[in-house]
Amino acid sequence: DGHDVLRHLRMARIETPILILSGADDTNSKLKGFGCGADDYLTKPFNRAEIVARIHAIILRSNSLSRNPHRRIQRHHQRITRWTHYTPTTNNRQPH
């Protein structure tokens, strides 16, 4: 399961920030996720603004920032902003 994958990543010293998105909203599931090395945990359904804020926070806390962390944060912000303004399409066409 996802917890095993996360545990193996952390044992391999892979420090990529991980946000768990899960339908399991009980405290034990959340504690298990954090215990396996998750940086954050969000339950479904989630609010788009909340996930964006959590991703921004994870990026800011990340120890893996490049030499120019401000530029990297700007790039992530641009990607996240595009995602938050995404409009679903039908058959690869914008809705009317």
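**Figure 1. Confidence along the predicted chain.** In this predicted model, the protein chain has a mean pLDDT of 78, and 65% of its residues reach 70 or more. Among the elements of the chain, strand E2 (residues 40–43) has the highest mean pLDDT, at 96, whereas helix H4 (residues 69–84) has the lowest, at 55. Over residues 90–96 the pLDDT stays under 50, and for this stretch the model has five contacts beyond four places in sequence.

**Figure 2. Close-up of the largest nonpolar core.** Six residues make up the largest nonpolar core, namely Leu6, Ile18, Ile20, Cys36, Ala38 and Tyr41. When residues up to four places away in sequence are not counted, Leu6 touches Ile18, Ile20, Cys36 and Ala38, and also Gly33 and Gly37.

**Figure 3. Close-up of Ser29 in helix H2.** Ser29 is found in helix H2, which runs over residues 27–35, and its relative accessibility of 17% lies under the 20% limit, so Ser29 counts as buried. The side chain of Ser29 is joined to that of Asp26 by a polar contact of 2.8 Å. With residues up to four places away in sequence left out of the count, Ser29 touches His3, Ala24 and Tyr41, the last of which also belongs to the largest nonpolar core.

**Figure 4. Close-up of helix H3 and its N-terminal cap.** Helix H3 (residues 48–61) has 14 residues, which at 1.5 Å a residue should span 20 Å, and its end C-alpha atoms are 20 Å apart, in agreement with that expectation. Within H3, the residues Ile51, Val52, Ile58 and Ile59 are buried; because these four cover an arc of only 125° around the axis, they lie on the same side of H3. Ala49 and Leu60, on the other side of H3, are exposed. The N-terminal end of H3 is capped by Asn47, of which a side-chain oxygen lies 2.7 Å from the backbone nitrogen of Ala49.

**Figure 5. Close-up of backbone geometry in two loops.** Most residues other than glycine have a negative phi, and most peptide bonds are trans. In the loop between helix H1 (2–11) and strand E1 (19–22) is Arg13, a residue other than glycine whose phi is nevertheless positive, near 65°. Arg13 has a relative accessibility of 72%, which is over the 50% limit and therefore counts as exposed. The second site is the peptide bond from Lys44 to Pro45, which is cis, with omega near -10°; Pro45 is found in the loop between E2 and H3.

How values were computed: Residues numbered from 1 in each chain as written. Predicted model: local features only at pLDDT ≥ 70, side-chain atom pairs only at ≥ 80, totals over all residues. Heavy atoms only, no water. pLDDT = per-residue confidence, 0-100. Contact = heavy atoms within 4.5 Å. Expected span 1.5 Å × (residues − 1). Buried < 20%, exposed > 50% of the residue type's maximum accessible area, 1.4 Å probe, protein only. Arc of directions from axis to C-beta. Polar contact = N/O pair within 3.5 Å; in protein donor to acceptor, adjacent residues only side chain to side chain. Core = buried A, V, L, I, M, F, W, Y, C linked by side-chain atoms within 4.5 Å.
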